[in-house]
Amino acid sequence: MATHAKLLALLTATALSLAAAEPKKAPLDLSKLPPAASGPVDFARDIQPLFAAKCYSCHGAEKQKGGLRLDIKAAALEGGDNGKVFLPGKSAESRLVHALAGLGESGIMPPKEKPLTPAEIGKVRAWIDAGANWPDDGKLAEKKSDHWAYQPVKRPAVPQLRGSDGAVRKGSNGNQRSNTPTLQHSAHPIDAFIRARLAKEKLTPSPEADRPTLIRRLSLDLLGLPPRPEEVRAFVNDKSPDAYEKLVDRLLASPHFGERWARHWLDLARYADSDGYEKDRPRPFAYTYRDWVIAAINSDLPFDQFSIQQLAGDLLPNATHAQKVATGFHRQTLTNTEGGTDQEEFRCKAVVDRVTTTATVWLGSTMGCCECHSHKYDPFTQREFYSLFAFFNNANEKAIPAPTADEQAAYEKAKRIHETEAKQLESALDSYTVTGLPPKLAAWLKTASLDAVPWRALTPDKLAAKNGTTLKADKEAVITAGGAVPAKDTYTVEAKIALKRLTGFRLEAIDDPDPKKGAGRSKDGNFVLTRFAVKLFVPGQFEGKELELHNAKADFTQKNFSVENALKGEDTSGWAVAPQQQKSHVAVFELKSPLDVPEGARLVFTLDHQYKETYLLGQFRLAATDAGGPLKPDFTPDAVAAALAAKPDQRTAKQTEALAKFFREQVDEQGKKLKAALDDHAKKAPAAPATTAAVLAEEPGVRKTFIHVRGNFLDKGTEVRATVPAVLHPLKPRAAQPDRLDLAQWLFAPENPLTARVSVNHVWKNLFGRGLVATVEDFGKQGEKPTHPELLDWLASEFPRLGWSRKALIKSIVTSATYKQASVNRPELQERDPNNLLLARQNRLRLEAETVRDAYLAASGLLNPKVGGPSIRPPLPADIAALGYANSVKWTESKGDEKNRRGLYIFFQRTVPYPMLMTFDAPDSNSTCARRERSNTPLQALTLLNDPVFFECAQQLGARMAEVPTADAAARIRHGFERALARPPSAEELARLLKLYEAQLKLAQANADGAAKIAGAAKAASEVAEKATLVALGRVMLNLDEFFTRD
Amino acid sequence: MSPSDIANLTRRDFLASTGMGTLALASLLAEKGYALPSADPLAPRASHFTPRAKNCILIYFEGAPSHIDLYDPKPKLNEMNGQKLPDEMLEKVRFAFIKKEGVRLMGSPRKFTKHGQCGTELSDLLPHLGSIADDICLVRSMNTTQFNHHPGQLMMNCGSPLFGRPTLGSWLTYGLGNESRDLPAYVVLHAGRGSSAGASAWTSGFLPSTYAGVLFRNQGDPVLNLGNPPGFTDEMQHLGLDAIGDLNRLRHKHVADPEIASRIGAYELAGRMQAATPELMDLSKESQATLDLYGVGRKSRENPGGRGGGPETYSTFSRNCLLARRMVERGVRFVTLLHASWDHHSNINQELPFCAGMADQPIAALVRDLKQRGMLDDTMVIWASEFGRTPLGENRGGSANVTGRDHHPFAFSMWLAGGGIKGGQVIGETDEIGWGIVRDPVRVPDLHATILQQFGFEHEKLTYRFQGLDFRLTGFEGAKVVPKMLA
């Protein structure tokens, strides 16, 4: 063992420090501590002034570095991120004292000012040693912050504007919901705020955009689809004063509105169709949540309800199915099924993600850093982070059935048909039982004897298990395992034998009546019998005799787990029955040579389970036989055996009935046939739809919550209770133990300064490309300040006033003159406000990834507008999908026009995201995304020029141009251009396209085969050259900046 | 200012960008001479100080190669083969698959010999790497905080086990821009079957996708959608691209949006990529001697387990190494060469020789070729993975049949060469069984800080504002440049 000792010495120092990734803690030299002062110390007189002078600036009402504040008794006693800082009675062990003396981990405190004198430290020590007596200040740990975002929302007065006629015009105060602002004059409050600011900078707003631009902008913003040419014409020609408002109403009522705005929300929800991490298994039913979002937005579920249901729908009184499905929001977290992971680690990661996502989405606050330490800039401590964690810590992950209406209807129909057919088969059997069967049964009963059933159940009289399982036998000799579930166990069963001769044994593994369980005790209901052995004990002999067994057979064996293994007795193999563990099974073992049983002999069976964890038999029965010939692994009911053993005239009615049933179902040929037909039919019963929804389900009190020291889930700090950050308004829980629903409702309390501001800012960002607070995800000190703080507050007060109606808020914004302005840049604006922060014009925005795709499909006429349902897989080169883990990603292309559905339906495989989406800055769905980038890269150009999906769109646009009944190329071009861009080409543009037309046509005519390929024609023909040319032109139109830009 | 605005600042602003987000709106509006959004985000930029390295080739082997069988000889471990680990130690550590009861030390069957003037010991599985031992800085004292593959890969690639962070390649592309006029700045090549990190191995995370790696393929178009649609000749393509450019210019005249100017630029670059990439991928101008040096065209050795790849994998990896050199020659900033399946929980003595046989010759060829062409001074070559493997035999499921090793984050080996890295040396040392580090531990953030330093960056100053924080590759827990690594 000398080597071991040496090795240990060698290794522990390094391994220990590395294993826990913790810095080494050198023992403190406490001799350097100044001694405690003698004499009485008074907190108010001696200690508090010291704290105030030396500590409050970092550990007071404004800042709480390291999560510590020393100005309030309750908070000071709790300590900071790493626990308590003073222990009453033990000054030498108190971290506060170490820090003041410069012995602590974080160096001397205070770090920048003059340190405390030894006498002062001595006073602190004496105060702690005397019990740290701190008169009750009764103060709650309220925090102060003068940061704008934490101040209450106050509805500001709408600024007065001087109109072009010089008249002072006050913006309508918007206090009546039906009061639609007039379109011609800037009476809209939004415009009042924007124009007041512009006026201050002496900038003028831009004129209203032309109608084609307006309808294209609105269609793209509200539906994510470009308008059809006839829709453009109708709007351009609508001279009614409310033409624009009618358009807005029509678009808000479209089912595609829900798709467009669901996609914005799904970014926040980090929605995806797979688990993430290495294995990244598919989540085939993730769409049930996505479809909930679409439906909720289409029905304009008020935003407060929309939010509360997603955070805590399961906790609402009498929660509906839809409200439970809504909690799928927080089931979009990643799941790591990589081998060898600690599941608690990744459960904690998911809970952390739920906290940070909730904070980002509703509070516009970045809390991710608080997982490990208190926020460096914003007033959130690590303790507060885990107090939020506590709200989510008892939410378990569940799946509930969630068939679509179609699936449910199809299932019910199939079930009805199946039941009707079953009835027919039953009645055939019944009528045979009354008509054909009786004479045959009577004849059989005359001759039938016990020989028909060779097995005798063995009633055990001693049962034992080595590792703590308790075994019990019932009257039917069925042995049930109960009590502890040890990893491995060995059962012994002792029984007398009624037979004179023995030829073999039977083991029945009996399915548990609970449908979720099986014959085995493992989680999946399976068992692995690693050894089956029998010893014969004869009276007077001390040693039992091991009986030699062979020819083991079973009615079913799992692959690689044959019942023969049970005779070998190796720990690594045995008899098992997956995937049929939810059925009873039977195994038989023959004796190598028949045995004449000595008088009084007993059998001792050993059933060993040494394979992995808990693969133990749960219910089983043993039987013996004296029958000759090969034994068959079959069941014969005991009742039948008993009935046959009785003399015919002494059989009870029940026994006669059992025999009749046995004869009909297991002996008589015709009866067996009819029964088999019935059984086969039963097996074909339609399965209930497999579609499920991933939801949260609360299990109160299951887990306590502790601070994870430095974010390490294994290193538990102090326990915390569910509560909200002190800088914000107090929580008003419904009961003593606050829950997720309390948290969700707290977000929408009228005094919440953040939720409304953050939410309206999201909507604003989606309509202008940039939030009034550009950092939509961060309203903290590191975030940007609002460009128009009063407008932000006006909107934040307006949203709840509109009953949190998303559609009403959007309508209010898009009917403003500010929204309707032209996006054309002006030199003076380029000079003075290059980033258009002041909105003297609309922004031009490159379309988002999904919208780029949708615009292509729509303009070409290929779009399949179906809403909802399982996600789709458009064409993808095989080698791209093959980059998933160990070739596990199966990308089966969607058939027919399923592949032409909108971008938001594309199956999002987290490790192998659909390349086009990523090329156009779709989020990776691994964490919440409040704001997308809009990059501009050559890969985008290559995708739009050459990706087969987009090229097919060009071919279709070419075909649409070719269909125009004209011989005039310019007319064809005009048609295609209007389809793509919702406006006619200018003369210059038309000339350039005609020039291209001539040149391409020449090349196409010279290259008949190429032209046929381009046009998608079966063979080369003279008219194909023109078709190919139009395809080439369509391709150019669809690659114009304007096409995938919202002007 | 939004992150995209920050990304578009001029060089001076870029280098002084810390604190920009706090500037008041008024001063923002007043600020003149601030780059317009049209500024090319990939324009070459200067770093904080003169860099030693300009290009990087990262060879990343997913799955964690065994340091004990490749880089870190442990004769004592071989002596102790079959012995138990002391219980006191077992209690403190964590395994992925190993059953603590009955676990035993497992020696390595590999023979180690000294190579080069420096005398660095390498396994008999890496004979060719021996020939470049004097150029290699072998680090035997790497360690990581992550225990499972994907989080470990994120840690090594992005400096954090969390998703959503940019890779080293993205950071360098963001910091330095692109030297190539017609190829992407950051390219990824792949060999063998699947990948366990997927696209997260080349993601730009919170940086704009401009800085993401571009995956080059081994079949079809080298870059997805690089080729024209069926039937389109180059001439037709040019006609189309010219028209797109002209019509976009007309639009630009009308709406004056600088974004259109950059769209025109992107389409022109796409056209140049179409022209330049076939030349890049065409190895016919390379001499037979060069092809043989890298092993292009060789067949894989027998692969009984089949996990590391098929008959073509060796040649694909050889070709990727040669392409990496060609890319760097053409100005590509960062090349990642990926291969998965080094996760040898079992069959290590069959599967590791397969993987090493794939890696050894072409990587040695790459370093020699770069050196011979005078490119190694500017080009940093890195061999890396997420962690190493234990000196214990893996008895998964309590099995007596021990043929592999479990994960080991506490100590592992990797190496760097070129780009101002001091070759011919070994940094750090593990204990007698290769379990813990006894000298000069190097954490992942330290490695990243050192790499950034060679590319001219102070790691604390190469930052990007996201969710209110100035993120950096090296994280917030501190990182130290490892001076010993530097020439």
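## A guided tour: from strand E8(B) outward

Begin by selecting strands E8(B) and E11 (residues 412–417) of chain B, which pair in the antiparallel sense over three bridges. Two strands count as paired if DSSP finds at least two bridges between them; helices (H or I, at least four residues) and strands (E, at least two) are DSSP runs, numbered from the N terminus. This is a predicted model, in which local features need pLDDT of at least 70 and side-chain atom pairs count only at pLDDT 80 or more, whereas totals for chains, interfaces and linings use all residues. Residues are numbered from 1 along each chain as its sequence is written, and chains are lettered from A and ligands numbered from 1 in the order in which they are written.

**Strand E8(B) and its partners.** Within E11(B), Leu416(B) is the bridge partner of Ile382(B). Next, add strand E1 (residues 55–61) of chain B, which runs parallel to E8(B) and is joined to it by six bridges. Here Leu58(B) has Ile382(B) as its bridge partner in E8(B). E8(B), residues 379–384, is mostly covered, with six of its six residues buried; a residue is buried if 20 or more other C-beta atoms, placed from the backbone, lie within 10 Å of its own. Thr379(B), Val381(B) and Trp383(B) lie on one side of E8(B), and Met380(B), Ile382(B) and Ala384(B) on the other. In a regular strand the side chains alternate between the two faces of the sheet.

**Chain B as a whole.** Widen the selection to chain B, which holds 15 helices and 17 strands. Its C-alpha trace spans about 80 × 55 × 45 Å along the principal axes. The radius of gyration of chain B, taken over C-alpha atoms, is 24 Å, which agrees with the value near 23 Å for a compact globule of 487 residues; the globule rule is 2.2 Å times the number of residues to the power 0.38. Of these 487 residues, 61% are buried.

**The nonpolar cores.** A nonpolar core is a set of buried Ala, Val, Leu, Ile, Met, Phe, Trp, Tyr and Cys residues joined through C-beta atoms within 7 Å. Select Leu1038(A), Cys137(B), Ala324(B) and Val335(B), the residues with the most contacts inside the largest core, which has 320 residues. Helix H14 (residues 348–372) of chain B gives the most to this core, 13 residues. Another core, of 46 residues, lies apart from it and includes Trp455(A) and Tyr615(A).

**The contact between the chains.** Two residues are in contact if their C-beta atoms, placed from the backbone, lie within 7 Å. Chain A gives 100 residues to the contact and chain B gives 87 residues. On the side of chain A that touches chain B, H1(A) supplies the largest share, 12 residues.

**An open sheet in chain A.** Now select the five strands of chain A in the order E5-E8-E14-E10-E11, an open sheet with antiparallel pairing. Its edge strands, E5 (460–465) and E11 (545–546) of chain A, each pair on one side only. Seven bridges join E10 (residues 531–537) and E14 (residues 602–609) of chain A, where Phe532(A) stands opposite Leu607(A).

**Two covered helices.** Finally, select helix H23 (residues 740–747) of chain A, in which seven of eight residues are buried, among them Arg740(A), Asp742(A) and Trp746(A). Its covering elements include helix H13 (303–312) and helix H24 (755–768) of chain A. H13(A) is itself largely enclosed by the rest of the structure, because eight of its 10 residues are buried, including Phe303(A) and Phe306(A).

How values were computed:
A residue is buried if 20 or more other C-beta atoms lie within 10 Å of its own, exposed if 12 or fewer, and partly exposed in between; C-beta atoms are placed from the backbone.
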